[in-house]
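Thanks for coming. I will go through one structure this morning, starting with how its parts are named and ending with its pockets.

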Amino acid sequence: MDKIHLIYGTKGCGKTKKLVELANASVATAKGDLVYIDKDMSRMHDLDHKIKLVDTSEYDVRCENTFIAFVSGILAGNYDIEKIFFDGIIKIVKNDIENLEKMFDALASLSAKFNVDFIFTFSIKDELPEYLKKYDTLFKF
């Protein structure tokens, strides 16, 4: 079963702060490794040192296809990953959330296959697209 979790709301409402809190809180109970994926290294001092911070700009991740390959590579390189936190998925793949259904389907498959939780933040003004309603909403701001 896929384990996709969403944190969403309008820009500037505290989504990243909540994601960082969740990631740091996960350190106490994690049996596996934790990874935090962002578009830059700005959260380096906010995250517990046990969480691996990965900057997508260092790996030329620019679209859904390269993002899926990137996540697949991370999982292939470490079978002990328990959770991956993705901050600002729209900014990472440079596409609107309405256009990312195939990407989320592929990520749900990876989540199920490798038994990894994926937690995403993204900004959205309107209602959640229909395809995302099947996933777990952790926080809606």
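A word on naming before anything else: helices and strands here are DSSP runs, a helix having at least four residues and a strand at least two, and they are numbered from the N terminus. Please keep in mind that this is a predicted model.

I begin with the sheet. Six strands make up an open sheet, and their order across it is E3-E2-E4-E5-E1-E6, with parallel pairing. E3 and E6 are the edge strands, each pairing on one side only. From one strand to the next the twist averages 20 degrees. Helix H2, residues 64-77, packs on this sheet and touches E2, E3, E4 and E5. The direction of H2 makes about 150 degrees with that of E4. As general background, strands of a sheet pair through backbone hydrogen bonds, either parallel or antiparallel.

Now strand by strand. E4, which covers residues 81-86, is joined to E5 by four bridges, and the two run parallel. In that pairing, phenylalanine 85 stands opposite isoleucine 119 of E5. E5 is also joined to E1, this time by six bridges, again parallel. There, isoleucine 7 is set opposite threonine 121 in E5. E1 also has four bridges to strand E6, residues 136-140, and these two run parallel. Histidine 5 is the residue opposite aspartate 136 in E6.

How many residues of strand E1 are buried? The strand spans residues 4-9, and six of its six residues are buried. In a regular strand the side chains alternate between the two faces of the sheet. In E1, both faces are covered, with Ile4, Leu6 and Tyr8 buried on one side and His5, Ile7 and Gly9 buried on the other.

Next, a residue outside the strands. Leucine 47 sits in the loop between strand E2, residues 33-38, and strand E3, residues 51-55. Is leucine 47 buried or exposed? Its relative accessible area is 9%, and buried means under 20%, so leucine 47 counts as buried. Leaving out residues up to four places away in sequence, leucine 47 touches Val20, Ala23, Asn24, Tyr36 and Leu53. Of these contacts, Tyr36 falls within the range given for E2 and Leu53 within that given for E3. Glutamate 64, by contrast, is 17 residues from leucine 47 along the chain, and their C-alpha atoms are separated by 26 Å.

Last, the pockets. Rolling a probe the size of a water molecule over the atoms shows where empty space is left. The largest pocket has a volume of about 360 Å³. Its lining comes to 18 residues, and those nearest the centre are Lys15, Thr16, Gly88, Lys91 and Ser123. Which elements supply at least two residues each to the lining of the largest pocket? They are helix H1, residues 15-26, helix H3, residues 89-93, and strand E5, residues 117-123. E5 gives the most, with three residues. By class, the lining of the largest pocket has eight charged, seven polar and three nonpolar residues.

The second largest pocket has a volume of about 200 Å³. The residues lining the second largest pocket include Gly9, Thr10, Lys11, Asp96, Ser123 and Asp126. Ser123 is thus named for both pockets, and Gly9 is one of the buried residues of E1. Sorted by class, the second lining holds five charged, three polar and three nonpolar residues.

Methods:
Residues are numbered from 1 along each chain as its sequence is written. This is a predicted model: local features need pLDDT of at least 70, side-chain atom pairs count only at pLDDT 80 or more; totals for chains, interfaces and linings use all residues. Side-chain values use heavy atoms; hydrogens and water are left out. Buried means under 20% relative accessible area, exposed over 50%, partly exposed in between (1.4 Å probe, protein chains only). Contact means heavy atoms within 4.5 Å. On a 1 Å grid over the protein atoms alone, a cavity is a set of points where a 1.4 Å probe fits but cannot get out, and a pocket is an open set with protein on both sides within 12 Å along at least five of seven lines; lining residues have an atom within 4 Å of a point. Grid points are joined across faces, edges and corners, and a volume is the space filled by probe spheres set on the points. Ala, Val, Leu, Ile, Met, Phe, Trp, Tyr, Cys and Pro count as nonpolar, Asp, Glu, Lys and Arg as charged, and the others, Gly among them, as polar. Two strands pair if DSSP finds at least two bridges between them. Axes are lines fitted to C-alpha atoms, for helices over the stretch in contact, and angles run from 0 to 180 degrees between N-to-C directions.
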